[in-house]
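I opened my notebook today to look up how charged side chains pair up. Here is what I wrote down as I went along.

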Amino acid sequence: MKRSGYDFSGAATKNYVEGIVKNWIADPFVRGSYSFPTQLTYTSTEQSERKTLRKPVVNMLFFAGEATNHDNPATVPGAVEEGLRAAKKVDAQLRALE
C-alpha cells in the first residue's frame with residue numbers, strides 16, 4: 001500500500017501529493033442520489049452498461065458504487081458489494097507491483 005501514497009499508520013508517504021476532506025453532511029447541495037436504469041442500460045443478462053462502468057482504466061483507476069452493480073443497483077448492499085470488489089482488484093494490482 002505504501003506505493004499508493006497511503007500508510008495505515010496515519011502518516012503520509014513520500015508518494016502523497018495532496019488531498020481534501022469533505023463533510024458531505026454539512027454540504028447543503030448534497031442530498032443523496034442513486035442510479036436509475038434507462039432504456040438500453042441492460043441489453044441482456046450478460047451485457048450491461050453497469051458492467052462497462054466498473055471496468056478499470058489502465059488497471060490504475062477503479063470504479064465502484066451501487067451504479068456499477070449489475071445485480072443490486074440503487075441499493076446500499078450493492079454499493080458495499082462493489083466497494084469490496086474494487087478493493088480486491090486494487091489489492092491484487094498492488095501485490096502484482098511488489
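**Entry 1: a pair across the chain.** I began with R54, which forms a salt bridge with E82; the closest N and O atoms are 3.3 Å apart. This pair links distant parts of the chain, since R54 sits in the loop between helix 1 and helix 2 while E82 belongs to helix 2, 28 residues apart. I should remember that this is a predicted model. Next I checked the cover: R54 is partly exposed, with a relative accessible area of 24%, whereas E82 is buried at 4%.

**Entry 2: a second partner.** Which other side chain meets E82 in a salt bridge? I found R85, with 2.7 Å from N to O. Both residues lie in helix 2, 3 residues apart, which is about one turn of the helix. R85 has 18% relative accessibility, so I noted R85 as buried, the limit being under 20%. Putting the two pairs together, I drew R54, E82 and R85 as a network of salt bridges.

**Entry 3: further along helix 2.** I then looked up R95 and D91, whose side chains meet in a salt bridge at 2.8 Å, N to O. Both are in helix 2, 4 residues apart, again about one turn. R95 is exposed at 55% relative accessible area, and D91 is partly exposed at 34%. My tally of salt bridges comes to 3.

**Entry 4: an arginine without a bridge.** Why does R50 have no salt bridge? I reminded myself that side chains of opposite charge can pair when their charged atoms come close. For R50, the nearest side chain of opposite charge is E66, at 4.4 Å, and a salt bridge needs the atoms within 4 Å, so the pair does not count. R50 lies in helix 1 and is buried. Leaving aside neighbours within four places in sequence, I listed the contacts of R50, among them S35, F36, Y42, E66, H70 and P73.

**Entry 5: a nonpolar patch.** Last, I turned from charges to the surface. Which residues make the nonpolar surface patch of about 510 Å²? I wrote down V57, V58, M60, L61 and F63. I picked V58 for a closer look: V58 is in the loop between helix 1 (49-53) and helix 2 (76-97). Is V58 buried or exposed? V58 is exposed, because its relative accessible area is 68% and the cut-off is over 50%.

Notes: Residues are numbered from 1 along each chain as its sequence is written. This is a predicted model: local features need pLDDT of at least 70, side-chain atom pairs count only at pLDDT 80 or more; totals for chains, interfaces and linings use all residues. Side-chain values use heavy atoms; hydrogens and water are left out. Patches are made of residues with over 30% relative accessible area and no salt bridge: like charges are joined within 9 Å, nonpolar side chains (Val, Leu, Ile, Met, Phe, Trp, Tyr) within 5 Å. Accessible areas come from the Shrake-Rupley method with a 1.4 Å probe; for residues, only the protein chains shown count as cover. Helices (H or I, at least four residues) and strands (E, at least two) are DSSP runs, numbered from the N terminus. Buried means under 20% relative accessible area, exposed over 50%, partly exposed in between (1.4 Å probe, protein chains only). Lys and Arg count as positive and Asp and Glu as negative; His and the chain ends are not counted. Contact means heavy atoms within 4.5 Å.
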